[in-house]
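Student: May we go through the model shown here, one question at a time?

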Amino acid sequence: MCKCEARTHQFLLELPKCEHHLHIEGSLSPSLLFRLAKTNNIALPSTEKDESFASPEALEARYERFVSLNDFLDYYFIAMSVLITSSDFESLAYEYFTRAHKDGVHHAEIFFDPQAHTSRGVAYSTVVGGLVAGQERAERDYGLTSKLILCFLRNLPVESADSTYKEAHALGHFSNGTVAGIGLDSSEVGFPPELFREVYESAAAAGIRRTAHAGEEGDHTYVSRALDICKTERIDHGIRLVDDEALLKRVANDKTLVTLCPLSNVRLRCVTKVAELPVRKFLDEGVRFSINSDDPAYFGGYILDNYCAVQESFNLSLKDWKFIAEGSIEGSWCNEGRKKVLLEKVEAWALAWKEMS
Ligand code: HPA
Ligand code: ZN
């Protein structure tokens, strides 16, 4: 847990936040997983096969020992098999929003993985119906606004991404705003962004927002290929950007939002500690970035824990945090009116904490 001094913790808690990199299936905690497995009568792997499934506590302990992205993904895909009904998805989303609200999140743009559900017989409309119900409750109860980002699993055939995209289109989910944009996740190395060029081109032509995981385990060329070939407007993770100075400057110039996930990068061994992340470098070069939790139930913390971890490693100033907060708002996909409201909240926060500068 966070080692922040109390005053610093309060300063970061009150900072108005936007979260842009959160896989809703990655907020499924071991305790909820065991509960839903029982309710929905879903068999988990036997303990002869994997003793981590002996109890929620054993699973929590296993999550502390991931050795790579693929090692994590094996657990992630097994766990989400307990999500069956619309109400499961609604509860999952509402519980995440409740937690995010407590951490000072005002706007969240969350990923979901439809192929991981349709492939096991759960309909796309069941998933989206539940998530939308959770979004509506969170906006009503907390004033927390949110958007959905439909992610394609890059390790599955491109045809599967195409048919998922077409299904969302046929339901009018892009044109009516139910789904704000598309993303690309799952195993990165060996599955470069250009495999999905056509679907990204179609989305760009239709004015659909576009992001992609790139430069998490993959090298910096995954980032340039996502930008050049898929015309993504955002980069998820993007930590390998530091290996190409010209690319880094281009991302800064274009104000492309990079969605960093510090605790995730440590748990998945992309870095050995948060201090290795390019936070200071991004600030010095003017790269716009946000700080996010990725899969909080797996990586040892929600968004505020990630903010605290960054502060412990980098000791940022009020000016630095204001830059991060403003970039997070400007890089969001909400409308200008909502951005203005959020920017005013940041101004009020900075005034209230001016002695921290
Ligand atoms: N990377 C790639 N795919 C993912 C992740 C991640 O961190 N989390 C859930 N799916
Ligand atoms: Zn991610």
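**The surroundings of His21**

Tutor: Beyond its neighbours within four places in sequence, His21 is in contact (heavy atoms within 4.5 Å) with Glu109, Phe111, His213, Asp236, His237, Thr259, Cys261, Asn292, Ser293 and Asp294. This is a predicted model, in which local features need pLDDT of at least 70, side-chain atom pairs count only at pLDDT 80 or more, and totals for chains, interfaces and linings use all residues. Residues are numbered from 1 along each chain as its sequence is written, ligands are numbered from 1 in the order in which they are written, and side-chain values use heavy atoms, with hydrogens and water left out.

Student: Is His21 buried or exposed?

Tutor: Buried means under 20% relative accessible area, exposed over 50%, and partly exposed in between (1.4 Å probe, protein chains only). The relative accessible area of His21 is 0%, so His21 is buried.

Student: Which residues coordinate the zinc ion (ligand 2)?

Tutor: Donors are N, O and S atoms within 2.8 Å of the metal (3.2 Å for Na, K and Ca); water is not among the atoms, so sites may look incomplete. At 2.0 to 2.3 Å, the coordinating residues are His21 (NE2), His23 (NE2), His213 (NE2) and Asp294 (OD).

Student: Why is the arrangement of the 4 donor atoms irregular?

Tutor: Four donors count as tetrahedral if all angles lie between 85 and 135 degrees, and as square planar if opposite donors are over 155 degrees apart and all others between 65 and 115; anything else is irregular. The arrangement around the zinc ion (ligand 2) is irregular because its donor atoms subtend angles of 83 to 175°.

Technical notes
Tetrahedral: all angles 85-135°; square planar, octahedral: opposite > 155°, others 65-115°.
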